[in-house]
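Keep the model open as you read. The walk starts at one residue pair and works outward from there.

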Amino acid sequence: MIITRRAFTTMLSLTGLAALAGFSPLRLVSEAMAQSAADVAKPVSLPDMALGPNDAAVTIIEYASMTCPHCAAFNEQVFPKIKKEYIDTGKVRYIFREFPLDIKAAAGSMLSRCIANGDAPKYFAVTDMLFRQQNDWVVKNTTETLTRIGKQAGLTQQQVEACLKDQALLDKIAADQKYASDVLKVDSTPTFFINGEKIKGEASFEEFAKKINALLKS
């Protein structure tokens, strides 16, 4: 599901985010380019949030939605093992890209970006916290809970409000999502690319290890 103007305006009224985010239309990218390994590798509107060295032999790119339970399960059960075994040892560069399935997911991604302010380790830490508290902020009052999380991370009330109504940031997230959908054919979360090879759905650590080890040997 791509965040469209209709979905955006409808979901805002349902989640309590309308007063913060306003009703400006999303300005989405309009043209899709031919898919290639280079298309997968490059960031589009927003800078990549990545862990691991730039010259790692293996690059994993994850497209996830902050409200996706399968993404949260992967974050809790599989990602820590990948990080310990491959990222922290310099064998893998891991990139996380936003693919929000609804306006609440978009708000969570915006908050992560604002709190991190370009600091990738901090971004991953906040994203991990949001995944682990997913039931709280998705099911309960979204704005109040995200505001609380933002304050816990050091933002003021005004900074959280400014973040959640940042139309330019929302537009960039939506543009990157549309690029992923149109060019990379991402249509569900989580979706992974391991050195350009697409893997759809929540995979086990053993499945990742098998593919990573094969690439490290080649």
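Begin with Ile 194, which stands opposite Glu 197 in β5. The model is predicted, so treat every value here as computed from it. Next to that pair, Phe 193 stands opposite Lys 198, again in β5. Both pairs belong to the ladder between β4 and β5. Strand β4 covers residues 191-194, and four bridges join it to β5. The two strands run antiparallel. Together they form a hairpin, with two residues between them. One residue of the turn deserves a look: Asn 195 has a positive phi of about 50°.

Now widen the view to the whole sheet. Five strands build it, in the order β1-β3-β2-β4-β5. The sheet is open, and its pairing is mixed. Strands β1 and β5 (197-200) stand at the edges, each with a single partner strand, so one side of each is left without a neighbour in the sheet. From one strand to the next, the twist averages 20°. Strands of a sheet pair through backbone hydrogen bonds, and they can do so either parallel or antiparallel.

Both kinds of pairing meet at β3. Strand β1, residues 49-51, is joined to β3 by three bridges, and these two strands run antiparallel. Ala 50 stands opposite Ile 95 in this pairing. Strand β2, residues 58-64, is joined to β3 by seven bridges, and here the strands run parallel. Val 58 stands opposite Val 92 of β3.

How many residues of strand β3 are buried? Seven of the seven, residues 92-98, so β3 is largely enclosed by the rest of the structure. In a regular strand the side chains alternate between the two faces of the sheet. Both faces of β3 are covered. On one side sit Val 92, Tyr 94, Phe 96 and Glu 98, all buried. On the other side sit Arg 93, Ile 95 and Arg 97, also buried. Charged residues are thus listed on both sides.

Turn next to the helices. The protein chain has 12 helices alongside its five strands. Helices α6 (residues 103-116) and α7 (residues 120-132) pack against each other. Their axes come within 8 Å and cross at roughly 145°. The crossing is right-handed. From α6, the contact uses Gly 108, Ser 112, Arg 113, Ile 115 and Ala 116. From α7, it uses Lys 122, Tyr 123, Val 126, Thr 127 and Leu 130. By class, that makes five nonpolar, three polar and two charged residues.

Helix α11, residues 167-182, holds Ala 175. Is Ala 175 buried or exposed? At 5% relative accessibility, Ala 175 counts as buried, because the cut-off for buried is under 20%. Ala 175 also links distant parts of the sequence in space. Its C-alpha atom is separated by 7.0 Å from that of Ser 45, although the two residues are 130 residues apart along the chain.

Finish with the chain as a whole. Among contacts with a separation of 6 or more, 76% are between residues 24 or more positions apart. Buried residues make up 50% of the 218 residues. The accessible surface comes to about 10,100 Å², and 52% of it belongs to carbon and sulfur atoms.

Notes: Residues are numbered from 1 along each chain as its sequence is written. This is a predicted model: local features need pLDDT of at least 70, side-chain atom pairs count only at pLDDT 80 or more; totals for chains, interfaces and linings use all residues. Side-chain values use heavy atoms; hydrogens and water are left out. Buried means under 20% relative accessible area, exposed over 50%, partly exposed in between (1.4 Å probe, protein chains only). Contact means heavy atoms within 4.5 Å. Accessible areas come from the Shrake-Rupley method with a 1.4 Å probe; for residues, only the protein chains shown count as cover. Axes are lines fitted to C-alpha atoms, for helices over the stretch in contact, and angles run from 0 to 180 degrees between N-to-C directions. A crossing is left-handed if the near helix is turned anticlockwise from the far one by less than a right angle, and right-handed if clockwise. Two strands pair if DSSP finds at least two bridges between them.
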